[in-house]
Amino acid sequence: MSDFVIIPDTGCELTKDLRERFGVDDFVRGQLIYPDGHSEPTDLDWTKTTPEEFFNIMSEKKQLFKTSLPTPEEIETVYERWLSAGKDILSINLSSGLSGTYSACCIGAKRLLEKYPDRKIICIDSKRYSAAISLLCLYANELRAAGHSLEETAQLVENRKVTLHQSGILDDLFFCKRMGRVSNAAAVMGTLVGIKPMADFNSDGLCKVIGKTRGYKAGYNACIAYMKETITNPEEQTVIVMQSNRVEEAKKYMSMIESEIHPKEIIMTSLGQACGPSIGPGLIAAVYFGTELSSDLSAEKAILDRILQKK
């Protein structure tokens, strides 16, 4: 195995058991700012609360969480722990379109390489979030186990990240509105009539809405049809279904994926403390490798338009 470690930030949202399975050696913690104003490091393992309790608080839309970047001290402490042990580092970070974490990690890496000139750190802007970062970590670990060097692994991850898709639905547009994604009127109307937006990843590292459905059943059917047209070699890959306080609905979606897409494996993860405050409760989405995404998502929108017109 090549002598480097894989270190994402808490945007990967991998709990301890999955970090061990996916070959994640360590992680950089951002800060979660609580409704009362105090902050604590983001917690991948939910040691003080549960995802259900966390998102239930957000459901009231009166007590909202915020996030802030990892401190320079946090980044350098994590990186130096491994550099001092003679390890190089592959850092896979939350999309620069959503966070300044990637930039902060690059700055920390540059500072430390002055102290450890014989070591290497490569930081990757995933252009993705949550379970998509998890799949990039899994892929990097497979490459490392196959004997690829740090540089080879980083380049292959860069090449493959543009094939990472999201296919899912969101219940409530309130938190998208709060982040400036849609107007207040659109957010309220979307909630009242049960419209569920569907989005995929664009080249700026943001999730862009490419279609809308009404209700879970129509949403799942459209998602499955979209996956069928965009996934590649499903029998060879792990699909992750991420959800925010929608466990039972996510199980239904997973059952449809298993029966109609036939991936090698399906894993459910919860949206966590790094990404959850910007999305809120109500997300159910599968993440998988597929066709290369068009930069403006025009090709993907055309696929979904065609699917929705048949419904």
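**Exercise 1. Is serine 130 buried or exposed?** Then place serine 130 in the chain and describe its backbone.

Solution. Keep in mind that this is a predicted model.
- Step 1: Serine 130 has a relative accessible area of 0%.
- Step 2: Buried means under 20%, so serine 130 is buried.
- Step 3: Follow the chain and you will find serine 130 in the loop that runs between β6 (121-125) and α5.
- Step 4: Serine 130 is not a glycine, yet its phi is positive, at about 50 degrees.

**Exercise 2. How confident is the predictor, and where should you take care?**

Solution.
- Step 1: Begin with the whole chain: the average pLDDT is 91, and 91% of the residues score at least 70.
- Step 2: Now look at residues 179-192, where pLDDT stays under 50.
- Step 3: For that stretch the model has 18 contacts beyond four places in sequence.
- Step 4: Predicted coordinates should not be read in detail where pLDDT is low.

**Exercise 3. Explore the surroundings of asparagine 141 in α5**.

Solution.
- Step 1: Helix α5 covers residues 131-145, and asparagine 141 is found there.
- Step 2: The relative accessibility of asparagine 141 is 14%, so this residue counts as buried.
- Step 3: Look for a polar partner: the side chains of asparagine 141 and arginine 144 make a polar contact at 2.9 Å.
- Step 4: Set aside the neighbours within four places in sequence, and asparagine 141 is in contact with Ile6, Arg21, Phe22 and Gly23.

**Exercise 4. Describe the second largest pocket and its lining**.

Solution.
- Step 1: The volume of this second largest pocket is about 180 Å³.
- Step 2: Its lining includes Leu135, Leu138, Tyr139 and Glu142, and also Arg160, Lys264 and Phe289.
- Step 3: Which element gives the most to the lining? That is α5, with four residues.
- Step 4: Sorted by character, the lining residues of the second largest pocket are four nonpolar, four polar and four charged.

**Exercise 5. Follow helix α2 from phenylalanine 54 to serine 59, and visit tryptophan 46 in the loop before α2**.

Solution.
- Step 1: Phenylalanine 54 sits in α2, which covers residues 51-59. With 3% relative accessibility, phenylalanine 54 counts as buried.
- Step 2: Beyond four places in sequence, phenylalanine 54 touches Leu32, Trp46, Thr49, Phe65, Gly272, Gln273 and Pro277.
- Step 3: One of these partners, tryptophan 46, belongs to the loop between β3 (39-41) and α2. Tryptophan 46 is buried at 14% relative accessibility, and its phi is positive, about 50 degrees, although it is not a glycine.
- Step 4: Serine 59 is also part of α2, but it counts as partly exposed, with 37% relative accessibility.
- Step 5: Try two distances between C-alpha atoms. Phenylalanine 54 and leucine 293, 239 residues apart along the chain, are separated by 33 Å. Serine 59 and threonine 213, 154 residues apart along the chain, are separated by 22 Å.

**Exercise 6. Which residues does glutamate 249 touch, not counting residues up to four places away in sequence?**

Solution.
- Step 1: Find glutamate 249 in helix α10, residues 247-260.
- Step 2: Glutamate 249 has a relative accessible area of 18%, under the 20% cut-off, so glutamate 249 is buried.
- Step 3: Leaving out residues up to four places away in sequence, glutamate 249 touches Tyr216, Tyr220 and Ile284.
- Step 4: With tyrosine 220, glutamate 249 makes a polar contact between side chains, at 2.6 Å.

Notes:
Residues are numbered from 1 along each chain as its sequence is written. This is a predicted model: local features need pLDDT of at least 70, side-chain atom pairs count only at pLDDT 80 or more; totals for chains, interfaces and linings use all residues. Side-chain values use heavy atoms; hydrogens and water are left out. Helices (H or I, at least four residues) and strands (E, at least two) are DSSP runs, numbered from the N terminus. Buried means under 20% relative accessible area, exposed over 50%, partly exposed in between (1.4 Å probe, protein chains only). A polar contact is a pair of N or O atoms within 3.5 Å; within protein, one must be able to donate a hydrogen and the other to accept it, and residues adjacent in sequence count only if both atoms are side-chain atoms. Contact means heavy atoms within 4.5 Å. On a 1 Å grid over the protein atoms alone, a cavity is a set of points where a 1.4 Å probe fits but cannot get out, and a pocket is an open set with protein on both sides within 12 Å along at least five of seven lines; lining residues have an atom within 4 Å of a point. Grid points are joined across faces, edges and corners, and a volume is the space filled by probe spheres set on the points. Ala, Val, Leu, Ile, Met, Phe, Trp, Tyr, Cys and Pro count as nonpolar, Asp, Glu, Lys and Arg as charged, and the others, Gly among them, as polar. pLDDT is the predictor's confidence in each residue, from 0 to 100.
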